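Please open the structure in your viewer and keep the selection panel at hand, since this tour moves from one selection to the next.

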Amino acid sequence: MYTPEMFESIRKVEATRESRIGADLRRMTAEEKTNLLNEYHPDYRAAGFTTLKIGPNKGEKAPVELAALLEANSRVKDLDIDLNQIDYDADVLVIGGGGSGSSTAIMAHENGVNVMMVTKLRIGDANTMMAEGGIQAADKPNDSPLIHYLDAFGGGHFAAQPDLLRKLVMDGPGAVKWLNELGVLFDKEKDGTMITTHGGGTSRKRMHAAADYSGADIMRTLRDEVFNRKIPVVDFTAAIELLLDDQGNAAGALLQNMETGEHFVARAKTVVIATGGAGRMHYQGFPTSNHYGATADGLILGYRAGAKLLYQDTLQYHPTGVAYPAQIFGALVTEKVRSLGAQLVNVDGIAFMNPLETRDVSASSVIRECSTRGKGIKTPEGWGVWLDSPMIEVILGKGAIEKRIPAMLRMYGKYDIDIREVPMLIYPTLHYQNGGLQIRADGRTTNINNLYVAGEAVGGIHGRNRLMGNSLLDIIVFGRNAGRNASEASKHVPTPGRLNFKHVEKYDKEREAAGIKSDIYSPKLLPEYARKGR
Amino acid sequence: MKEMVRVFLYGKKYEVPAGLTIMEALEYAGYKLVRGCGCRNGFCGACATIYRIEGDRELKACLACQTTVADRMYVATLPFFPLIKEIYDIEEIKPTEQIMMQLYPEIYKCVGCNACTKACTQELRVMQYIAYAQRAEYEKCAAESFDCIMCGVCSSRCPAGISHPQVGVLARRLTGKYLVSPADHLINRVREIENGEYDGPIDEFMQKPVEELKDLYNHREIEA
């Protein structure tokens with residue numbers, strides 16, 4: 001429950017609520033947004049970044065924590081592994097068990113090849129499962145892929161790789177149809193019309209949802225489909241390094257059992273990195289909405305093998321992470337709460353911005369409110385502002401919260417906070433990795449044969465900021481795309497000859513030449529939360 | 001000095017700060033979690049946990065990431081439960097009464113003990129959704145089971161050996177695919193795209209100079 005000081009502020013929020021409903025909150029001008037981002041967005045904080053000393057993106061900026069992993073020791077260093085002893089042999093090896101990896105595997109299987117998945121936790125332990133708000137697709141009569149393109153391109157500061165964004169919006173409706181036909185339970189009217197809402201930065205209501213379990217329902221369905229197709233899923237097993245063949249083409253990965261430490265050699269004709277995001281890196285000390293395994297593993301594997309990164313210096317801080325209570329600090333409060341009408345309100349009960357600005361602008365605005373403007377609400381972990389959830393039922397009627405955002409009602413209910421009665425206290429949380437490995441429109445990396453990437457590990461689809469609902473869309477569109485193309489390519493690739501780690505040796509020499517000294521090993525695999533004893 | 005509580009993790013006693021979740025208490029005690037930890041936010045079902053407070057006779061179930069520790073709490077996590085998952089082809093099956101009977105016949109052995117509902121970490125009416133499945137009322141079963149995160153605690157408590165979460169998934173997929181009306185606007189748009197109707201327009205649109213796109217973006221009409 002909230003503290004007496006918080007309740008004092010809540011009374012101010014309640015006092016202004018009625019006058020705020022239906023009020024037209026001005027959107028910021030382009031110039032106001034630019035200035036706000038420059039001053040308050042964490043991506044613009046120089047201390048959070050360093051310059052990469054080696055590798056394909058040498059000389060470019062990267063988050064300090066990511067750079068440390070990119071320049072760390074390989075986990076295969078000093079290992080004595082016989083790479084001729086093949087433990088798993090597949091046409092397509094998918095690394096990662098989330099939404100993109102599962103979509104990839106399903107499409108590869110559909111194409112008749114031998115596909116296997118490997119995941120360091122369980123299939124479904126992924127950010128996909130936690131995506132609450134919805135999935136965009138331009139399928140309403142007043143909408144079109146062109147309008148979707150413009151919304152996403154502008155929202156990402158005109159930095160998206162155009163061919164990837166084109167694919168995202170053009171394949172969007174097909175992706176939603178595919179999910180629907182697999183049995184995902186989208187919110188619909190009686191006649192089958194999709195119930196769609198706005199997200200921050202959308203100009204049309206194109207957010208499709210399955211209550212606020214959108215990602216969960218997609219993930220449960222995809223997982224069930226993977227099982228139905230009997231696609232092998234090797235779980236609790238991490239890929240710790242890629243394996244290349246004599247020509248330098250991707251040809252498999254070295255795997256490690258997360259519990260026993262045992263190593264396995266997986267050989268494949270094509271490899272798909274679908275390892276997801278990096279929230280558990282806690283860039284700049286932010287809490288995160290991400291799942292336990294979000295540690296940028298795929299970026300490390302790809303980079304060491306010579307694949308290029310794109311926009312590795314841009315992260316998404318979701319404006320509404322939980323600021324209080326402490327037990328769920330940093331957890332996601334879905335943007336859908338704002339889609340349904342809730343405003344962002346400061347300590348004095350003032351709605352300080354239009355709630356449907358893009359995520360980077362909204363997060364920066366919340367940070368400004370809590371810092372220089374001094375209008376935040378004090379919490380044990382720092383500061384927060386109110387997200388005025390009770391407005392939703394004033395606008396949409398009683399029962400709307402239980403029906404449309406049941407997960408939020410439940411999450412707060414466990415701490416005796418009834419979001420129908422009192423607002424939620426929020427602050428930005430590290431949510432999404434805008435950058436990642438660079439790919440072509442067919443899903444393959446730009447410079448390594450037989451190496452594909454899908455999902456959050458890809459950089460450039462969205463540019464330097466991502467709109468709500470375009471991530472669930474991207475994992476499906478680019479997961480299916482990688483599945484189709486990697487499986488098709490595998491039909492024309494001969495069984496790889498001798499596998500090697502030469503790229504790791506080469507990378508080590510580069511490290512040495514650059515004078516890099518590191519006592520850490522990467523990929524990170526899991527965050528270190530266990531308290532060290534005396 | 002922080003207030004501390006006594007917890008018994010797998011029976012062994014530790015003192016941890018009050019206010020931690022069970023998951024944080026495990027980590028505070030020094031456990032490096034591999035199993036039993038997924039999303040840490042109550043969506044994935046990886047951290048199903050059974051607990052009992054000393055002096056209380058009842059075993060309760062929860063998610064370790066969503067539950068605050070209490071003094072004299074005995075904790076055992078249940079990160080895996082060998083549920084039956086039957087294989088089917090979603091394109092072949094139909095939402096008939098027979099399909100549940102074929103795939104999950106044990107649901108008809110439900111003895112009505114309601115242990116599943118009592119154990120549910122999401123506070124769902126599990127026995128009720130199984131009853132709907134028995135009667136082939138799949139839309140009701142789908143709605144009632146919708147918030148299921150498939151942690152498996154219900155099945156661990158079931159004397160009839162029912163795989164409740166898998167019954168729920170099947171009912172939801174049948175509902176989403178066959179019982180809810182299709183979205184005509186979606187089907188039409190996909191057809192238009194497949195017919196190439198947007199290829200020319202989007203290519204032309206993408207050719208516009210960025211300055212023009214910026215102007216279009218900054219002055220675009222936003223649906224009310």
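Which residue stands opposite Leu437(A) in strand 19 of chain A? Select both partners in this predicted model, and you will find that Leu309(A) is the residue facing Leu437(A). The two strands around this pair, strand 13 and strand 19 (residues 436–438) of chain A, are paired in the antiparallel sense over two bridges. Widen the selection to the open sheet of three strands in chain A, whose order is 13-19-21 and whose pairing is mixed; its edges are strand 13 (309–310) and strand 21 (458–459) of chain A, each of which pairs on one side only. Add helix 10 (residues 297–304) of chain A, which lies across strand 13 and strand 19 and runs at about 40 degrees to strand 19.

Next, select strand 18 (residues 424–433) of chain A, where 10 of the 10 residues are buried, so that the strand is largely enclosed by the rest of the structure. Strand 14 (residues 315–322) of chain A pairs with strand 18 in the antiparallel sense over six bridges, and here Gly321(A) stands opposite Tyr427(A). Strand 17 (residues 382–387) of chain A also runs antiparallel to strand 18, joined to it by three bridges, with Val385(A) placed opposite Ile426(A).

Finally, show both chains and select the contacts between them, where 66 residues of chain A meet 61 residues of chain B. On the side of chain A that touches chain B, helix 8 of chain A gives the most, with seven residues, and by class this side has 33 nonpolar, 15 polar and 18 charged residues.

Note on methods
Residues are numbered from 1 along each chain as its sequence is written. Chains are lettered from A and ligands numbered from 1 in the order in which they are written. This is a predicted model: local features need pLDDT of at least 70, side-chain atom pairs count only at pLDDT 80 or more; totals for chains, interfaces and linings use all residues. A residue is buried if 20 or more other C-beta atoms lie within 10 Å of its own, exposed if 12 or fewer, and partly exposed in between; C-beta atoms are placed from the backbone. Helices (H or I, at least four residues) and strands (E, at least two) are DSSP runs, numbered from the N terminus. Two strands pair if DSSP finds at least two bridges between them. Two residues are in contact if their C-beta atoms, placed from the backbone, lie within 7 Å. Ala, Val, Leu, Ile, Met, Phe, Trp, Tyr, Cys and Pro count as nonpolar, Asp, Glu, Lys and Arg as charged, and the others, Gly among them, as polar. Axes are lines fitted to C-alpha atoms, for helices over the stretch in contact, and angles run from 0 to 180 degrees between N-to-C directions.
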